[in-house]
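Work through the exercises below with the sequence and the coordinates open beside you. Each task is followed by a solution that goes step by step.

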Amino acid sequence: MSIPYLYSSGWGNTRLVWEYIATVFTKHWISLDFIDVAVSLPENILSDYNQLIFAAPTYDHGVLHEPFYRFLQAHKNRDLSNHGCAVIGLGDAKYDAQYNVESASLIETYIQEQKGTLITPSLRINKHPLGQLETLVNQRASTYIDTLDQTTSW
Ligand SMILES: Cc1cc2nc3c(=O)[nH]c(=O)nc-3n(C[C@H](O)[C@H](O)[C@H](O)COP(=O)(O)O)c2cc1C
């Protein structure tokens with residue numbers, strides 16, 4: 001099975017999360033296709049898969065990283081009703097405690113508007129992800145895989 005990790009990253013943290021999750025998924029024979037939406041905006045990407053992972057950091061007081069914002073704008077009014085979706089948001093409360101990891105909420109709203117289904121609660125990573133990979137990220141990646149096992153015919 002292959003799942004796209006649709007992401008953008010300013011300084012590499014969101015990419016780092018992909019690198020880690022990809023190693024967890026590989027052990028379960030799932031490949032995590034790495035798609036940097038700042039580099040390419042694949043026209044049919046949302047219809048080519050039935051599971052989607054959206055991952056983006058928060059910038060500028062609760063705003064989506066700009067390439068990711070543009071990606072979502074370019075894919076408005078898509079029917080995601082047959083898609084299982086998962087969200088990974090990054091942020092750091094030292095920049096804005098009120099809009100901490102707001103990217104996750106903004107992506108959730110997008111998915112809801114496109115009638116997609118969140119198959120697992122969003123993974124919200126506050127502060128640098130490095131110290132959270134083996135704990136929070138590992139645990140949530142395993143939960144996600146369990147959910148896929150229960151809901152997807154391989
Ligand atoms: C200029 C700037 C503004 C930021 N604004 C926010 C913010 O409003 N809310 C938040 O939770 N994190 C904010 N952050 C933190 C980033 O989202 C966080 O460092 C994230 O891990 C960056 O991921 P990336 O390296 O993939 O871009 C900001 C960071 C910078 C450098």
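**Exercise 1. Establish the secondary structure of the protein chain and its overall dimensions.**

The protein chain holds five helices and seven strands, where helices (H or I, at least four residues) and strands (E, at least two) are DSSP runs numbered from the N terminus. The model is a predicted one, in which local features need pLDDT of at least 70, side-chain atom pairs count only at pLDDT 80 or more, and totals for chains, interfaces and linings use all residues. Residues are numbered from 1 along each chain as its sequence is written.

Next, following the sequence gives the pattern β-α-β-α-β-β-α-β-α-β-β-α. The radius of gyration, 14 Å, is close to the 15 Å that the globule rule gives for 154 residues, so the protein chain is as compact as a globular protein of that length; the radius is taken over C-alpha atoms, and the rule is 2.2 Å times the number of residues to the power 0.38. Along its principal axes, the C-alpha trace spans about 40 × 35 × 25 Å.

**Exercise 2. Locate the largest nonpolar core and the elements that build it.**

Begin with burial: 34% of the 154 residues are buried, meaning that 20 or more other C-beta atoms lie within 10 Å of the residue's own, whereas 12 or fewer make it exposed and counts in between make it partly exposed, with C-beta atoms placed from the backbone. The largest nonpolar core has 37 residues, and those with the most contacts inside it are Ile 53, Phe 54, Ala 55 and Ile 107; such a core is a set of buried Ala, Val, Leu, Ile, Met, Phe, Trp, Tyr and Cys residues joined through C-beta atoms within 7 Å. Elements that each supply at least two residues of this core include β1 (2-7), β3 (51-59) and α5 (133-151).

Finally, take Ala 55: leaving aside neighbours within four places in sequence, its contacts (C-beta atoms within 7 Å) include Tyr 5, Val 17, Trp 18 and Ile 88.

**Exercise 3. Characterise the shell around the ligand.**

Count first: 22 residues surround the ligand, the closest being Ser 9, Gly 10, Asn 13, Pro 57 and Gly 91, where a residue qualifies if its C-beta atom, placed from the backbone, lies within 6 Å. The elements giving two or more residues to this shell are α1, β3 and β5, and β3 gives the most, with three residues.

**Exercise 4. Decide whether Gly 131 is buried or exposed.**

Gly 131 sits in the loop between β7 and α5, and it counts as exposed because it has 9 C-beta neighbours inside 10 Å.

Conventions:
Two residues are in contact if their C-beta atoms, placed from the backbone, lie within 7 Å.
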